[in-house]
Amino acid sequence: MKKRALISVSDKTGIVEFARKLTELGYEIISTGGTAKTLAAAGVKNVGISDITGFPECLDGRVKTLHPAVHAGLLARRDDPEHMKQIEKLGISPIDVVCVNLYPFKATVMKEGVTLEDAVENIDIGGPTMIRAAAKNYGDVAVVVDPRDYDEVIERLKNGTMDKTYRMTLMYKVFRHTAEYDSLISEHFAERLGIEFPDHVTFAYEKAQELRYGENPHQKAAFYREPLPAAGTLSEAKQLHGKELSFNNINDAAGALELLKEFEGSPCVVASKHTNPCGVAVADDLYTAYMKAYECDPVSIFGGIVACNREVDEKTAEEMSKIFLEIVIAPSFSKKALEILTQKKNIRLLELDVAARPKTKQYDMKKVAGGLLVQERDATLYDEGDVKVVTKKQPTKDELEQMKFAYKVVKHTKSNAIVVARDFAAIGVGPGQTNRIWAASQAIERAGDKVKGAVLASDAFFPFGDCAEVAAKAGITAIIQPGGSIRDEESIKVCDENGLSMIFVGSRHFKH
């Protein structure tokens, strides 16, 4: 019985050579539409799908392969005499190899202003049906969906090593491929319909790289990126120098970028360690911003991550080179800055348009044993209309601006979190404490002598008056917090007795 291969691909990378080698191995090539023309133009003989089905392609090509002559040829089990007798009686020959990749739905919806009609037209029907049928009958049919597999498939067909395990690997790739494809389609239309939390959810991600290990050396890990480019995120960064990123590098750098995006105006530098800011500042130039961020915690920044929203210049690079930094992220690096920083073998330099924003809505996901928590990203700070001065003393205009700065920083600090700031720089950060007074005490202690005249931000309300008391004793002049505690009056009273101003903004920013 003559061996047959059905080829119908949207991505024609390597397809002519693949088909030519199948022909050399004795396979009759069956093809469709544009693929048939490509093969014929390259001198590869093929039989049109209509010659197999006895039915013309119709409905603008929507119906080509949806026919028993195709699917019976794919699904007939060679080890089942009844199957083989039936297809022989029907005049249908088995199909032994299927090479199909699907309509470019992803490339279509990535286009600016893609219409609903274009999106729908690029949903493949016949392709998924064929490869699923072939995959179901993997014991008899080799099904190929990835051009990177062409060479190995040819080699195995040639030397007789197309065994059941490898066929199962190809089958697995089919169902992985169609799952991703359907997930992209469902996500696209969920977004069009404004459906945020469907009853059932699947997410398509593509492996960007395998990592040396995970959070700890004994844990295996990989980094997956969203299939549609997410502008301004770490997955879009270009690495200019240094060894590959680790699990912790990626996690920490992503946190630093989230905080950096809060500051769109002046030059800003964020220093981060273990996903917590250890220095944040804005200034008239990047060098000054870096120095102010560094001075917040010169100890913790060592081995940390620095994210900048301006080009790194020579002067700033010289300062950065004085300590060990894991990563520096910036929109660009001057030639001199690159010369300076690349002298340090272990530093990673990432170039990224940090001001860019993903076009699709982003969600925050946390995996827990037995389930998945999904929520909208915390994309707001507070509504100016919700700001209430709750103390007798009114904050000055400068204090209001300083408090807003501090609130942006505390939003991206692990709870319970307190941030002390002045002159648009964090001077004390108290992250991740199990009670708020410890966080406040830590931030104030870190601020040292600079605390007098500074402002304090809390990511959630004060449950007692103790945080206001330590703030007043330290010399802090203004406090920003969400408010909403049943004991708010205790904190207000402490502020009034000590001449502090305090504002409630109504928006909490827990970060666990």
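**Exercise 1. Place Arg-167 in the predicted model and decide whether this residue is buried or exposed.**

Solution. Arg-167 belongs to helix H10, which covers residues 164-193. The structure under study is a predicted model. The relative accessible area of Arg-167 is 15%. A residue counts as buried under 20%, so Arg-167 is buried. As a further step, compare sequence with space: Arg-167 and Leu-90 are 77 residues apart in sequence, and their C-alpha atoms are 27 Å apart.

**Exercise 2. Examine the backbone at His-274, Asp-423 and the bond from Ser-415 to Asn-416.**

Solution. Begin with the general expectation. Most residues other than glycine have a negative phi, and most peptide bonds are trans.

Step one concerns His-274. This residue is not a glycine, yet its phi is positive, at about 50°. His-274 is located in the loop between strand S9 (268-273) and strand S10 (276-282). Its relative accessible area is 60%; the cut-off for exposed is over 50%, so His-274 is exposed.

Step two concerns Asp-423. Its phi is also positive, about 55°, although Asp-423 is not a glycine. The loop that holds Asp-423 runs between S17 and strand S18 (425-430). With a relative accessibility of 48%, Asp-423 is classed as partly exposed.

Step three concerns the peptide bond. From Ser-415 to Asn-416 the bond is cis, and its omega is near -10°. Asn-416 is part of the loop between helix H15 (397-411) and strand S17 (418-422).

**Exercise 3. Classify the ring pairs Phe-18 with Tyr-150 and Phe-302 with Phe-324.**

Solution. A pair of aromatic rings is described by the distance of the centres and the angle of the planes. In the whole structure, a search finds 9 aromatic pairs.

For Phe-18 and Tyr-150, the ring centres are 4.4 Å apart and the planes stand at 15°. Planes under 30 degrees apart count as stacked, so this pair is stacked. Next, locate the partners: Phe-18 is in helix H1 (residues 15-24) and Tyr-150 in helix H9 (residues 150-159), so that the pair links distant parts of the chain, 132 residues apart. Both Phe-18 and Tyr-150 are buried.

For Phe-302 and Phe-324, the centres are 5.8 Å apart with the planes at 65°. An angle over 60 counts as edge-to-face, so the pair is edge-to-face. Phe-302 lies in the loop between helix H12 (286-296) and strand S11 (305-308), whereas Phe-324 lies in the loop between helix H13 (314-320) and strand S12 (327-330). The two are 22 residues apart. Phe-302 is partly exposed at 48% relative accessibility, and Phe-324 is partly exposed at 27%.

Elsewhere, ring pairs join Phe-105, Tyr-181 and Phe-189 into a cluster.

**Exercise 4. Identify which charged end sits over the ring of Tyr-166 and which over the ring of Tyr-287.**

Solution. Over the ring of Tyr-166 sits the charged end of Arg-156, 4.2 Å from the ring centre. Over the ring of Tyr-287 sits the charged end of Lys-315, at 4.2 Å from the centre.

**Exercise 5. Describe the largest pocket and its lining.**

Solution. Start with the volume, which is about 2,300 Å³ for the largest pocket. The lining consists of 48 residues, of which Ala-254, Glu-258, Tyr-363, Asp-364 and Arg-377 are the closest to the centre. Two or more lining residues come from each of strand S7 (221-225), helix H11 (247-260), strand S14 (363-368) and strand S15 (371-376). H11 provides the largest share, with 7 residues. Sorted by class, the lining holds 18 nonpolar, 12 polar and 18 charged residues.

**Exercise 6. Determine how many disulfides the structure has, and examine Cys-308 and Cys-495.**

Solution. A search of the whole structure finds 0 disulfides. Cys-308 is in no disulfide, since the nearest cysteine sulfur, in Cys-268, is 8.6 Å away, and a disulfide requires sulfur atoms within 2.5 Å. Cys-308 is buried, at 0% relative accessibility. For Cys-495, the closest cysteine sulfur is that of Cys-467, 11 Å away, which is too far for a bond. Cys-495 is buried, with a relative accessible area of 0%.

Conventions
Residues numbered from 1 in each chain as written. Predicted model: local features only at pLDDT ≥ 70, side-chain atom pairs only at ≥ 80, totals over all residues. Heavy atoms only, no water. Helix = DSSP H or I, 4+ residues; strand = E, 2+ residues; numbered from the N terminus. Buried < 20%, exposed > 50% of the residue type's maximum accessible area, 1.4 Å probe, protein only. Phe/Tyr/Trp six-rings, centres within 6.5 Å; stacked < 30°, edge-to-face > 60°. Lys NZ or Arg CZ within 6 Å of the ring centre and 35° of its normal. 1 Å grid on protein atoms, 1.4 Å probe; cavity = no way out; pocket = protein on both sides within 12 Å on 5 of 7 lines; lining within 4 Å. Points joined across faces, edges and corners; volume = space filled by probe spheres on them. Nonpolar A, V, L, I, M, F, W, Y, C, P; charged D, E, K, R; others polar.
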